[in-house]
Amino acid sequence: MTLDAGHCAVPGEDRVGLDEQLPTLALVGSPNSGKTTLFNALTGLRAKTGNYPGVTVTRYVGRFSVDDQEMVLEDLPGTYSLAAISPDEQVVADVLDLDHPALARPDALVVTLDATTLRRSLNMLAQVLATGLPACVVLTFTDELTRRQGSLDVAAFERAVGVPVLTVTGGRRQELGPLRDLLLGWSAWPVPALPPPTEPDEVPGWIESVLTTSDYVLPKVDERTRRIDAVLLHPVWGSVVFFAAMFVFFQVIFTLASPVQGWLEDLFGFLGTQVRVHVGNRYLASFLADGILGGVGGVVTFLPQIALLFVLISIMEASGYMSRAAFLMDRVMAKAGLEGRAFVALLSSLACAIPGIMATRTLPSMRDRIATMMGAPLMTCSARLPVYVLLVGLLVSPSARIGPVGAQGVIMFALYVVGALSAMASAWVFSRLGRRSGPLLPFYMEMPPYRMPSARSVGLAVWDACRGFLRKVGKIILGTTVVLWVLLNLPTHSDAAMSAAGVDVHDSSAVSSYTIDHSVAAGIGRAVEPIFEPLGFDWRINVGILASLSARETFVATMGQVAAAAHPDQPAQGLKHLTVQSGSREGEPLFTAPVLAALLVFFLYALQCASTIGVLRRESGSWKWPAIAFGYLFVVAWVMAFLTQLVVGMLT
Amino acid sequence: MSILSAVVAPRRRAIGPALVETGSDRAEGITLADLTPGQAVRVLEVSSQDDPAAARRLSDLGFVPGAEVRMVRRAPLADPVVFRVAGYEIALRRAQARWVSVVALVS
């Protein structure tokens, strides 16, 4: 059986990538105890990801071999306790529960214990040993224990806990050899002669006796961390540094990524031109150039932002600053019923809702994840920018000023602020609604000592994010684009029929505009007119809105085509001169101030993004939440656009 | 709780950890949410009335009876609070810190 991530994502797939023929070991430990480092060191880059049905916390499965014996290693989500209080922890508890029937169970467990937090971590070990599965212990961060003047007699510790113990620091190669040999002999691991107590009241006594017999000296407070925190968590300077860091964060994403994005756009534009020149068949050329390269290529151009965002996020995570950022912002997010980690996800959504929604994986509570996912699409993503630029440009002239500043900039800023406030409000509402059903997890966040992020772990995080983005989102976009292209280009019209209708068949823009005007999509645009008519939208705007369901930027492209069809000589000015074709406003300009304002507000709220819907499906584990998100955002978008149109109509 | 200790206890908190004396008289009613930065305490119990599962989690995080806890710092808006317990630092919201009743230690 191959370990294919695409296959693993199929809902209902329980035995994710686990091969029953091979011995399976699972890594268990508290968050930040070095599980994943150990996992990657043992399995190399052969790690694949899979999802649990309904639970979206990623479960990693990889293989490694010792003396030609292949073994499967699984990286379970980090947890502080087997008394699960959140869905991701339930996964671990279920896997280790001998009475749970549904899941593939590992043959033996590898428990990672952070040597610097042994007093707490032994609690987890006691619970794991109580399950009765064969287990061994890997002590991590022993170098840090020594640096901070702590110490531990490992041999005495091994005798005290009664299972094999090894130390592995940062996945060092020379320490992996003995570990591999130990793992190979999992079936012969000794079990503790006297198992640790299972009653919570008795565990502290056991921990104390283990620590005493193994001469554990608690490490001193990390001086480097203390000095850094004195500044970064200072009531005044901490906040200043935090906001400066956030500012730089987005500057980096936009300034570094946009040139690369530009190159990618140029590349796809060039390929499109080449296709048009060299592919003889008109339909095939249009399908390849407009559909595949324009649609799928348009999404791939966001790869630089995705990669950079994950470089920055993984550096923040690996260094330990992410916990501090969440700590600083927790009070503000608490007002929205969320915790500090949700703030990071919402900030990420300013680049694009997709990494924002992916970043909700750091939230331990499903309720907070859903609430944040419901709010994230309201943050002004980079895909809204082209639409906003186009519409604001039509609404007010570049020279219009409000006081000393340009009116266009003020409107743009207002759109960002309203988007952010709406995201917070939405998260608040959903977290309120979810309170009755979902588990309420107390907020606690470990403040790990600052550590240098390794290039390898950052690279892996970025690679994983980019691959997931390209593979999963590429599929969704590809599908939508093909459907959209077909709808916009069917039915086909013979040259004779078009000539009879007064179309110059040698004018490609006239042909395409005739085709679009008489396409299935145009028919649908007219069919939905009753819905959008109160907002002042006509069928051409409707087609743009429908097209932008795949990605918001498509609206700009669609409007461009419509305008070019109406005013081929001046496509740039075309939109301004578009007039209403029928009804009470016949002959009047289509894009009046109320209509433009309504469109802006509609795009601010509506979930016009197939990729976001796809990612919501993937991250929430069902179609329920994308359906709810699309539905509620459409209703809010329609109502707000209607009110905006009324108010602006009265003012102008 | 006697009237005397009720009057004295809040004042002791106000003048900081250095002058707090414990031992014979237990300053009842103090929780982790009442500490000032640097103050060291010993955990008496973790209340499980509101949410037994969440209280259990606090125990799993190291807040067990007898454990020594030092309040490290507050966030700029006074919540959450960082504590040092069992050799590591962890931030809790005051709402949860309130579940942990403690007794002050001489620092």
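**Contacts, crossings and salt bridges in a two-chain model**

User: How many residues of chain A are in contact with chain B, and how many of chain B with chain A?

Analyst: In this predicted model, 39 residues of chain A are in contact with 28 residues of chain B, where contact means heavy atoms within 4.5 Å. About 2800 Å² is buried between chain A and chain B, with 62% of that area on carbon and sulfur atoms; buried area is the accessible area (1.4 Å probe) that two parts lose on being put together, summed over both.

User: What rules stand behind the names and values?

Analyst: Residues are numbered from 1 along each chain as its sequence is written, and chains are lettered from A and ligands numbered from 1 in the order in which they are written. Side-chain values use heavy atoms, without hydrogens and water, while local features need pLDDT of at least 70, side-chain atom pairs count only at pLDDT 80 or more, and totals for chains, interfaces and linings use all residues.

User: What makes the pair B:Arg93 and A:Asp330 a salt bridge?

Analyst: The side chains of B:Arg93 and A:Asp330 come to 2.7 Å, N to O, and a salt bridge requires a side-chain nitrogen of Lys or Arg within 4 Å of a carboxyl oxygen of Asp or Glu, so the pair qualifies. The count between chain A and chain B is 1 salt bridge, whereas a search of the whole structure finds 15 over all chains.

User: How do you know that A:Glu223 and A:Arg227 are separated by about one helical turn?

Analyst: A:Glu223 and A:Arg227 are 4 residues apart in helix α9 (residues 223-232) of chain A, which is why about one helical turn separates them; helices are DSSP runs (H or I, at least four residues) and strands likewise (E, at least two). The side chains of A:Glu223 and A:Arg227 also meet in a salt bridge at 3.7 Å, N to O.

User: Why is α28(A) called oblique to α29(A)?

Analyst: The axes of α28 (residues 610-620) and α29 (residues 624-651), both of chain A, come within 7 Å and cross at roughly 140°. That angle makes α28(A) oblique to α29(A), because angles under 35 degrees count as roughly parallel, over 145 as roughly antiparallel, 65 to 115 as roughly perpendicular and the rest as oblique. In this contact, A:Ile613, A:Leu616, A:Arg617 and A:Ser620 of α28(A) meet A:Trp625, A:Pro626, A:Ala629 and A:Phe630 of α29(A).

User: What makes α16(A) roughly antiparallel to α28(A)?

Analyst: The axes of α16 (residues 366-375) of chain A and α28(A) come within 11 Å and cross at roughly 180°, and this crossing makes α16(A) roughly antiparallel to α28(A). On the α16(A) side the contact involves A:Met366, A:Arg369, A:Ile370, A:Met373 and A:Met374, and on the α28(A) side A:Leu616, A:Glu619 and A:Ser620.

User: What makes A:Asp67 and the bond between B:Asp79 and B:Pro80 worth a look?

Analyst: Most residues other than glycine have a negative phi, and most peptide bonds are trans. A:Asp67, which is not a glycine, has a positive phi of about 50° and sits in the loop between β3 (59-66) and β4 (69-75) of chain A. The peptide bond joining B:Asp79 and B:Pro80 is cis, with omega about 0°, and B:Pro80 lies in the loop between β2 (68-74) and β3 (81-85) of chain B.

Conventions. Axes fitted to C-alpha atoms, helices over the stretch in contact; angles between N-to-C directions.
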